[in-house]
Amino acid sequence: MTEPVRKGWVSPRLDVPSGIHRPDYADRGRPRGFHASRPFSASELARMRHACRAAAQVLRHVGTLVRAGVTTDAIDRAAHAEYLRLGGYPSTLNYHGFPKSLCTSVNEVVCHGIPDDRALGDGDIVNLDVTIFLDGMHGDCSATYPVGVIDPGSARLIAVTRECLELGIAAVRPGRPFRAIGQAIEPHAARNGFNVVRRYGGHGIGRSFHTELHVPHHDDPRATRIMEAGMVFTIEPMLTAGTFTVREWDDGWTVVTADGKRSAQFEHTVLVTNDGAEVLTTAP
Ligand code: MF3
Ligand code: CO
Ligand code: CO
């Protein structure tokens, strides 16, 4: 197994020009409440599509930068420049105090990894989680990438996690409970020998980065709320090669597997249509 991921050096905060529209938490670090999830109007949806397309564009761009020797800080700088170029604000920047413009989660880091001076190494896997605030809406997506040549177990973890996201999306349909999503995901992870993280889930999204709507990726009988056409939320399963139990570093952000085994994640923002789901985070 590779060396455990260690805390690195975090570079100074990057600026956002004053011409870019900022979310309400950008200065104080805390959102002033949230806008509850409900079906979106046509104009809200148009803005949401714009934000989600841009998020996908940023993700596609930073994904091309992944290779051995590149630091996650360099990926953060590139992401930051790309959000600004598209006219958006990096949603994670100062969100509850998060210091960077995307999350970079390497190997056993499950989510919320902070970009730092660690260089990616051959054989690593890294999730890049990109969120943009554009047109007054957040768009959120992520993918896990291999760095150089990875071991077959990690490649399978990545492939199965991507399949789990697709199965979760395929389970979306108006009139169904949110539980259907986890019911589609968890058995696929299990039959491949992987576990699904329970501590974090997908979420309602729109004018708020995270709404009250929680979308479990495991079969959770509490997820009784019904999907309605026009609702928008994320599906972002995190699978692990070992236990689904996680712990958080004392930096207040970095979430790692309790057993140090690897984790992968993929995320899309999706819209509930009249007969299924539409993925909003696709690049033009
Ligand atoms: N993008 C993450 C998600 O999918 C949230 C990151 S919040 C941060 O919900 F503060 F950690 F950046
Ligand atoms: Co995300
Ligand atoms: Co998300």
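**Two cobalt sites and a helix pair**

Q: How are the donor residues of the cobalt ion (ligand 3) spaced in sequence?
A: The spacing is D-x62-H-x32-E-x30-E. His203 lies in strand 7 (residues 202-203) and Glu236 in the loop between strand 9 (232-235) and strand 10 (238-240), so this pair ties together parts that are 33 residues apart in sequence. Strands are DSSP runs of E with at least two residues, and helices are runs of H or I with at least four, both numbered from the N terminus.

Q: What is the basis of these values?
A: This is a predicted model, in which local features need pLDDT of at least 70 and side-chain atom pairs count only at pLDDT 80 or more, while totals for chains, interfaces and linings use all residues. Residues are numbered from 1 along each chain, chains are lettered from A and ligands numbered from 1 in the order written, and side-chain values use heavy atoms, without hydrogens and water.

Q: What makes Asp140, His203, Glu236 and Glu267 donors of the cobalt ion (ligand 3)?
A: A donor is an N, O or S atom within 2.8 Å of the metal (3.2 Å for Na, K and Ca); water is not among the atoms, so sites may look incomplete. Asp140 (OD), His203 (NE2), Glu236 (OE) and Glu267 (OE) lie 2.0 to 2.2 Å from the ion, and therefore qualify.

Q: Why is the site of the cobalt ion (ligand 2) called irregular?
A: Its 6 donor atoms subtend angles of 57 to 167 degrees. Six donors count as octahedral if opposite donors are over 155 degrees apart and all others between 65 and 115; four count as square planar on those terms, or as tetrahedral if all angles lie between 85 and 135, and anything else is irregular. The angle of 57 degrees fits neither octahedral range, so the arrangement is irregular.

Q: How do you know that His203 and Glu236 are buried?
A: Buried means under 20% relative accessible area, exposed over 50%, and partly exposed in between (1.4 Å probe, protein chains only). His203 has 4% and Glu236 has 7%, so both count as buried.

Q: Why is helix 3 called roughly antiparallel to helix 4?
A: The axes of helix 3 (residues 152-170) and helix 4 (residues 179-191) come within 8 Å and cross at roughly 155 degrees. Axes are lines fitted to C-alpha atoms over the stretch in contact, with angles from 0 to 180 degrees between N-to-C directions. Angles over 145 degrees count as roughly antiparallel, under 35 as roughly parallel, 65 to 115 as roughly perpendicular and the rest as oblique; the helices are therefore roughly antiparallel.
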